[in-house]
Amino acid sequence: MQTNPKEKGTGAFILQRVTGAINIVLVGFLIWLVVSLSGADRAQMTATFANPLVSILAIVLFTIAFIHMRNGMNEVIEDYIHEPRNHSLAKAANTIFTVIVGVIALVSVLVLAFGG
């Protein structure tokens with residue numbers, strides 16, 4: 001069963017708008033976090049991220065931001081790269097980059113959350 005390209009485009013459009021709206025809400029949390037940790041040492045950072053609410057919100061923020069970033073870059077790739085081979089390669093590189101940076105961010109939050 002093949003997917004209708006318009007359905008895929010609509011799904012990507014909706015995903016981009018939903019993740020964007022969630023990011024708007026989470027930016028308030030990010031601003032609070034950055035301001036509250038301004039000038040903090042590692043012990044204060046660890047204490048802040050030891051709070052489950054802070055850790056969970058940070059993980060959600062990173063996850064939603066990386067989904068939004070990957071989807072947005074896929075749209076740019078679809079718009080500006082027309083050769084099928086380069087198109088597939090660019091999308092694969094985009095996904096790999098997003099996953100690597102996402103895993104690094106996730107591990108960083110977890111290390112801070114568990115006092116490592």
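1. Which backbone oxygen lies 2.3 Å from a polar atom of the side chain of Ser55? The partner is the backbone oxygen of Phe49, and the pair falls under the heading of a polar contact, defined as a pair of N or O atoms within 3.5 Å in which, within protein, one must be able to donate a hydrogen and the other to accept it, while residues adjacent in sequence count only if both atoms are side-chain atoms.

2. A word on the basis of these remarks. This is a predicted model, in which local features need pLDDT of at least 70 and side-chain atom pairs count only at pLDDT 80 or more, whereas totals for chains, interfaces and linings use all residues. Residues are numbered from 1 along each chain as its sequence is written, and side-chain values use heavy atoms, with hydrogens and water left out.

3. On the overall fold, the chain holds four helices and zero strands, where helices (H or I, at least four residues) and strands (E, at least two) are DSSP runs numbered from the N terminus. Read along the sequence, the pattern is α-α-α-α. The chain is more spread out than a compact globule, because its radius of gyration is 17 Å, well over the 13 Å that the globule rule gives for 116 residues; the radius is taken over C-alpha atoms, and the rule is 2.2 Å times the number of residues to the power 0.38. Along its principal axes, the C-alpha trace spans about 50 × 30 × 25 Å.

4. On packing and surface, buried residues make up 28% of the 116 residues, with buried meaning under 20% relative accessible area, exposed over 50%, and partly exposed in between (1.4 Å probe, protein chains only). The chain exposes about 7,900 Å², of which carbon and sulfur atoms supply 72%; these areas come from the Shrake-Rupley method with a 1.4 Å probe, and for residues only the protein chains shown count as cover. Of the contacts (heavy atoms within 4.5 Å) between residues at least 6 apart in sequence, 71% join residues at least 24 apart.

5. On charge, there are 7 positive and 6 negative side chains, and the centres of the two sets lie 3 Å apart. Lys and Arg count as positive and Asp and Glu as negative, with His and the chain ends not counted, and each charge is placed at NZ of Lys, CZ of Arg, CG of Asp or CD of Glu.

6. To return to Ser55, this residue is found in helix H3, which covers residues 52-80, and Ser55 counts as buried because its relative accessible area is 8%. Once its neighbours within four places in sequence are left aside, Ser55 is in contact with Phe49, Val109 and Ala113, so that Phe49 appears both in this list and in the polar contact described at the outset.

7. Helix H1, residues 5-36, is the place of Ala21, and Asn23 also lies in helix H1. Is Asn23 buried or exposed? Asn23 counts as buried, because its relative accessibility is 12%, and, not counting residues up to four places away in sequence, Asn23 touches Leu61, Ile64, Ala65 and His68. Ala21, by contrast, is partly exposed at a relative accessible area of 42%, and Ile22, also placed in helix H1, is partly exposed at 31%.

8. Some C-alpha separations may help in reading the model. Ala21 and Trp32 are 11 residues apart in sequence and 18 Å apart in space, while Ile22 and Leu33, also 11 residues apart, are separated by 17 Å. Ile14, found in helix H1 and partly exposed at 47% relative accessibility, is separated by 41 Å from Ala43, 29 residues away along the chain. Val99, found in helix H4 (residues 84-113) and partly exposed with a relative accessible area of 49%, has its C-alpha atom 9.9 Å from that of Thr63, although the two are 36 residues apart along the chain.
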